[in-house]
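Me: I've got a protein model open and I'm not sure how to read it. Could you walk me through a few features?

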Amino acid sequence: MTKRFGFTLAEVLITLGIIGVVAAMTMPTLINQTNGAQYKAAYKKALSALSQAVTLNVALDDWSFADVDADNTIQGMLTSRMNVVRDEDGATNLSDYTNDLEDIATDNRTLFFNDSIMFTFPVSTDGCSRPEGAELTKGNIGDQCFGYIDVNGLKGPNKVVKCDGQTDYKASADDCTVTSPTDIYPVVFFDQSVLPSTDAARAVLYGK
């Protein structure tokens with residue numbers, strides 16, 4: 001009697017087919033999770049870098065976001081404390097490549113850093129602070145200023161982070177979760193702080 005060792009061609013092809021189907025079903029999820037983790041890490045890095053820049057500026061030049069005016073500008077501060085490779089004026093630098101930001105100011109300025117991060121804010125920003133002793137709440141914004149961080153520049157997906165199930169990135173959700181972080185994050189900045197300004201942006205920063 002002849003003994004057979006190994007697999008037939010049909011068995012090998014069937015096995016490879018099954019592996020291919022399983023890979024096709026799981027790869028998009030794995031890619032999204034990997035990209036989401038990268039966006040989250042870059043977002044935390046950007047917030048930290050901006051906060052460190054204003055803290056350093058206070059130590060060296062004794063002024064913060066609260067003192068921004070025609071002479072002490074945000075662009076001047078960040079250009080002197082961070083590696084800004086170029087800047088652009090006008091709304092087109094964001095609104096042309098994403099449909100999520102129809103309400104962006106027409107006089108915004110965007111700074112591009114050497115690590116591909118972009119920071120966008122209104123040029124007319126002046127004296128970004130909040131009343132002394134006031135809590136940071138949605139209903140009490142004082143003179144805080146708002147902008148956007150894009151963690152990977154002009155590269156896609158160019159979508160503002162949203163809570164799961166929400167279509168408006170500004171929508172509130174007490175139990176907001178973000179399963180798949182994206183690359184654009186709304187922020188609020190004042191005094192020496194740069195913080196997330198939406199529930200979705202907070203969920204990404206403070207969530208597990």
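Reply: Sure, let's go through salt bridges and burial. This is a predicted model, so local features need pLDDT of at least 70 and side-chain atom pairs count only at pLDDT 80 or more, while totals for chains, interfaces and linings use all residues. Residues are numbered from 1 along each chain as its sequence is written, and side-chain values use heavy atoms, leaving out hydrogens and water.

Me: How many salt bridges does the structure hold?

Reply: Side chains of opposite charge can pair when their charged atoms come close. We call it a salt bridge when a side-chain nitrogen of Lys or Arg is within 4 Å of a carboxyl oxygen of Asp or Glu. Here there are five. One of them joins Asp 89 and Arg 109, with the closest N and O atoms 2.6 Å apart. Asp 89 sits in strand 1 (residues 84-89) and Arg 109 in strand 2, so the pair ties together parts 20 residues apart in sequence. Strands are DSSP runs of E, at least two residues, and helices are runs of H or I, at least four, numbered from the N terminus.

Me: Is Arg 109 buried or exposed?

Reply: Buried means under 20% relative accessible area, exposed over 50%, and partly exposed in between (1.4 Å probe, protein chains only). Arg 109 has 18%, so it's buried. Its partner Asp 89, at 48%, counts as partly exposed.

Me: Why is helix 4 largely enclosed by the rest of the structure?

Reply: Because six of the eight residues of helix 4 (residues 199-206) are buried. Among them are Asp 199, Val 204 and Leu 205.
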